[in-house]
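Please open the structure in a viewer and keep its selection tool at hand. The tour proceeds from one selection to the next.

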Amino acid sequence: MAWDENSKIWMDGEFVALKDAKINILSHVVHYGTSVFEGIRCYETEKGPAVFRLEEHMQRLIDSAKIYKMEIPYTKEELMDAVIETIKVNNLKSCYIRPITYRGFGELGVNPLSCPIETTIAVWEWGSYIGEEEMENGANIGVSTWRKPAPDTLPVMAKAGANYMNSQLANLEAGEHGYDEAILLDYQGYVAEGSGENIFIVENGKIITPNLASVLRGITRDTVITLAKDLGYEVTEEIISRERLYLADEVFFTGSAAEVTPIRAIDNREIGIGKRGPITKELQDAFFELVEGKSENDHGWLTYI
């Protein structure tokens, strides 16, 4: 991850140097976690930089804000344009993109309605999220003691900053036990997702992922489901018990940051052949061919800069 204090941050229509991009310490978001955000990638292609599924990400940002009664004062098209301009002004060929909408400074108190809604977009160079070696050999994962909240506690369909306090606990615990990342179970004890990734298993050539009851509606998740079906695989959403992870032929994570990351071991149990499996590799190859503009069928998901 590379940071430049003079890189430009888009803050409500103005470009500000990173070193000068500040918010009030009494902003509602600082005290109550009132933010919704997105994680997006821009890839270098032969036709120039291309943002992957930009429209879908901006729509999810708007949807997340709607759930929390935060009316973003920009249209989807204006947000998309702002992302493109932020990449251009920073002269990046590939990057990670972080749009975030949050409640600023108004008055303190749990009720947020007197606090203004502000939006910021940052971009930076960022390689593999879990690790370059893990992309080929697979990650070492542990099932967390922390669980996802029940659907009547926090809305998991909103990609909200507050939700990721739960993810932080799981990720920190994983690191303390020597794992690369965590898997969280849902409130009923079934497999949900990683701390920041959706999860898939492969059983006898069939690809399975948890249903959306307690997981984020991942855009990379949807991408991989589409690619798998294009390749002729059967994909289903099912309730997955913890022990099915251990017995699966392959397991992998998906996400804008994680992309398609194979898992070689869970709870110190080797998964399948103990490294990236053939179906995971096929999906990984198809994914990178798509996002790097090498695939004949890009599904209209690339926005070229």
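The stops below cover a pocket and two helix pairs in what is a predicted model.

**First stop: the largest pocket**

Begin by selecting Phe37, Lys159, Tyr164, Ser195 and Gly196, the residues that lie nearest the centre of the largest pocket. They belong to a lining of 36 residues, and the pocket they help to enclose has a volume of about 640 Å³.

Next, colour the elements that supply at least two lining residues each: the strands β6 (95-103), β10 (191-194) and β14 (250-255), together with the helices α5 (164-176) and α6 (219-230). Which of these elements gives the largest share of the lining? That element is α5, with four residues.

Colouring the lining by class shows 15 nonpolar and 15 polar residues, with six charged residues besides.

**Second stop: α6 and α8**

Keep α6, which contributes to the pocket lining, and add helix α8, residues 278-291, to the selection. The two helices pack at an angle of about 110 degrees, and their axes are 10 Å apart. Because angles of 65 to 115 degrees count as roughly perpendicular, α6 is described as roughly perpendicular to α8. The crossing of α6 past α8 is right-handed.

To see the contact itself, display the side chains of Thr220, Thr223, Val224, Leu227 and Ala228 on α6. Opposite them, on α8, display Leu283, Ala286, Phe287 and Leu290. How do the residues of this contact divide by class? Seven are nonpolar and two are polar, while no charged residue takes part.

**Third stop: α2 and α3**

Now move to helix α2, residues 54-67, and helix α3, residues 76-90. Their packing angle is about 125 degrees, with the axes 10 Å apart. The pair is therefore oblique. Here, too, the viewer can be turned to inspect the crossing, in which α2 passes α3 in a right-handed manner.

For the contact, select Leu54, Glu55, Met58, Gln59, Leu61 and Ile62 of α2. On the α3 side, add Lys76, Leu79, Met80, Val83 and Ile84. By class, the contact of α2 with α3 comprises eight nonpolar residues, one polar residue and two charged residues.

Key: Residues numbered from 1 in each chain as written. Predicted model: local features only at pLDDT ≥ 70, side-chain atom pairs only at ≥ 80, totals over all residues. Heavy atoms only, no water. 1 Å grid on protein atoms, 1.4 Å probe; cavity = no way out; pocket = protein on both sides within 12 Å on 5 of 7 lines; lining within 4 Å. Points joined across faces, edges and corners; volume = space filled by probe spheres on them. Nonpolar A, V, L, I, M, F, W, Y, C, P; charged D, E, K, R; others polar. Axes fitted to C-alpha atoms, helices over the stretch in contact; angles between N-to-C directions. Parallel < 35°, antiparallel > 145°, perpendicular 65-115°, else oblique. Left-handed = near helix turned anticlockwise from the far one by under 90°. Contact = heavy atoms within 4.5 Å.
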